[in-house]
Structure formats: structure tokens, C-alpha cells
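Hello,

As promised, here is the structure for you to look at. Please open it alongside this email, and my notes follow below.

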Amino acid sequence: MVCVLKGSFVFAADLARAIKLPLRVEFLGVRSYGQGTTSSGVVQITHDLEQPIEGEDVLLVEDIVDTGLTVAHLLELLRTRLPRTIKVCSLLHKPARSCTPVPIDYLGFTIDDRFVVGYGLDRAEAYRNLPYIGVLDEEPTKRRG
């Protein structure tokens, strides 16, 4: 099980406990959003796998697939390491933002084109600890006072 950090760590923890097969958990750190709410289109690896995956069955666990660019990049990268199989599991899919079609073998939910946070998903590292997934209001209301 390859958990894509940081967004999928909560989902991956719940998923790992639900899988009734022997498994090993690896983490792959990726950044493509920076401080904003839209993907930069540039995928940066911030933490690589610690163990080889050659000959292994790999489940790539993502929090959300929107443009598909990150998953496409990761699939290409992981295939160079010669796993036996690679399957993609994503909690969320936002097809309205898709630029590159990618296989999602296991999908939780399809959502509209809204920026969501919570349950591991963030905006500029905030909101990850919310116990639910919510829509972020991109235009904060001004306080009077």
C-alpha cells in the first residue's frame, strides 16, 4: 500500500485497517498545490519510498483525483520500479477538472468541482484534522466590527 502524502494519510489509515490481507505501508510525499486551491501542474516528490516495490502488488492510495496529472506522474514513476501490479484507490474523484485520464480501480465518491478540505485534505496545510469533508468557501466573509 503506497499512501500519497499528505492528503491521503487519514483515508489510508482507515483503509489499511479494513483490508484483511497482509500488507506493508509505504509513504510517497507529493506536492502540486502549494498555497493555492488549484494544482500547479508540476508534481514534486517530497518523500520517496523507503523499500523497493519490485515484484509487489501495489495499491496507490490518493485522497483526490482531479486533473489526473499527479496520479499519471506517480503511475509512470512507480512502473519504473517494476511492481507486479499497480491499482489506484482514491477517496474522491473530481471529473470536471480532468486533464489526463487515469484509471481509478477503487473509488469512494465522485464530487463536483468544489475545493474540499478535511479528513486529511487541506488548504495551505490547514483543515486536515476536520473529522469530515467540507467545501471551502473561497471568498471569506468580511467581519464587521
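Here is one to start with: does F27 count as buried, partly exposed or exposed? With a relative accessibility of 36%, F27 counts as partly exposed, because the buried class ends at 20% and the exposed class begins over 50%. Do keep in mind that this is a predicted model. F27 sits in strand 2, which covers residues 26-31. Together with L23 and V25, F27 makes a nonpolar surface patch of about 220 Å².

L23 turns up again in a pocket. The second largest pocket has a volume of about 440 Å³. It is lined by 16 residues, and those closest to its centre are M1, L23, D57, V58 and L59. Two elements, strand 4 and strand 5 (85-93), each give two or more residues to that lining. The largest share, three residues, is from strand 4.

Now to the charged side chains. How many salt bridges does a search of the whole structure find? The search finds nine.

R24 is a good place to begin, since two of its partners can be named. One is E26, and the side chains of the two meet with N and O 2.8 Å apart. The other is E56, where the closest N and O atoms of the salt bridge are 3.8 Å apart. This second pair connects distant parts of the chain: E56 belongs to the loop between strand 3 (44-47) and strand 4, while R24 belongs to the loop between helix 1 and strand 2, 32 residues away. As for accessibility, R24 counts as partly exposed at 32%, and E56 is also partly exposed at 34%. E26, by contrast, has a relative accessibility of 7% and therefore counts as buried.

A further salt bridge is formed by R81 and D48, whose side chains meet at 2.9 Å, N to O. Here too the pair links distant parts of the chain, with R81 in the loop between helix 2 and strand 5 and D48 in the loop between strand 3 and strand 4, 33 residues apart. R81 is partly exposed at 25% relative accessibility, and D48 is partly exposed at 35%. Then there is a network: salt bridges with shared partners join K6, D122, E125 and R128.

Two members of that network also have backbone features that you may want to look at. The first is K6: the peptide bond that leads from L5 to K6 is cis, with omega near 0°. K6 is placed in the loop between strand 1 (2-5) and helix 1 (9-18). The second is E125, which is not a glycine but has a positive phi of about 75°. E125 is in the loop between strand 7 and strand 8, and its relative accessible area of 46% makes it partly exposed.

Y119 shows a positive phi as well, about 55°, again without being a glycine. Its place is in the loop between strand 7 (116-117) and strand 8 (134-135). Why point these out? Most residues other than glycine have a negative phi, and most peptide bonds are trans.

Two more places are worth a visit while you have the model open. What does the side chain of T67 have 3.2 Å from one of its polar atoms? It is the backbone nitrogen of L69. T67 itself is in the loop between strand 4 (57-65) and helix 2 (69-79). Its relative accessibility is 6%, so T67 counts as buried, the cut-off being under 20%.

The other is L74, which is found in helix 2. L74 has a relative accessibility of 0% and so counts as buried. The C-alpha atoms of L74 and V4 are 9.3 Å apart, although these positions lie 70 residues apart in chain numbering.

If you have only a few minutes, I would suggest going to R24 with its partners E26 and E56, and then to the cis peptide bond between L5 and K6.

Happy browsing, and do write back with any thoughts.

Best wishes

Methods: Residues are numbered from 1 along each chain as its sequence is written. This is a predicted model: local features need pLDDT of at least 70, side-chain atom pairs count only at pLDDT 80 or more; totals for chains, interfaces and linings use all residues. Side-chain values use heavy atoms; hydrogens and water are left out. Helices (H or I, at least four residues) and strands (E, at least two) are DSSP runs, numbered from the N terminus. Buried means under 20% relative accessible area, exposed over 50%, partly exposed in between (1.4 Å probe, protein chains only). A polar contact is a pair of N or O atoms within 3.5 Å; within protein, one must be able to donate a hydrogen and the other to accept it, and residues adjacent in sequence count only if both atoms are side-chain atoms. Patches are made of residues with over 30% relative accessible area and no salt bridge: like charges are joined within 9 Å, nonpolar side chains (Val, Leu, Ile, Met, Phe, Trp, Tyr) within 5 Å. Accessible areas come from the Shrake-Rupley method with a 1.4 Å probe; for residues, only the protein chains shown count as cover. A salt bridge is a side-chain nitrogen of Lys or Arg within 4 Å of a carboxyl oxygen of Asp or Glu. On a 1 Å grid over the protein atoms alone, a cavity is a set of points where a 1.4 Å probe fits but cannot get out, and a pocket is an open set with protein on both sides within 12 Å along at least five of seven lines; lining residues have an atom within 4 Å of a point. Grid points are joined across faces, edges and corners, and a volume is the space filled by probe spheres set on the points.
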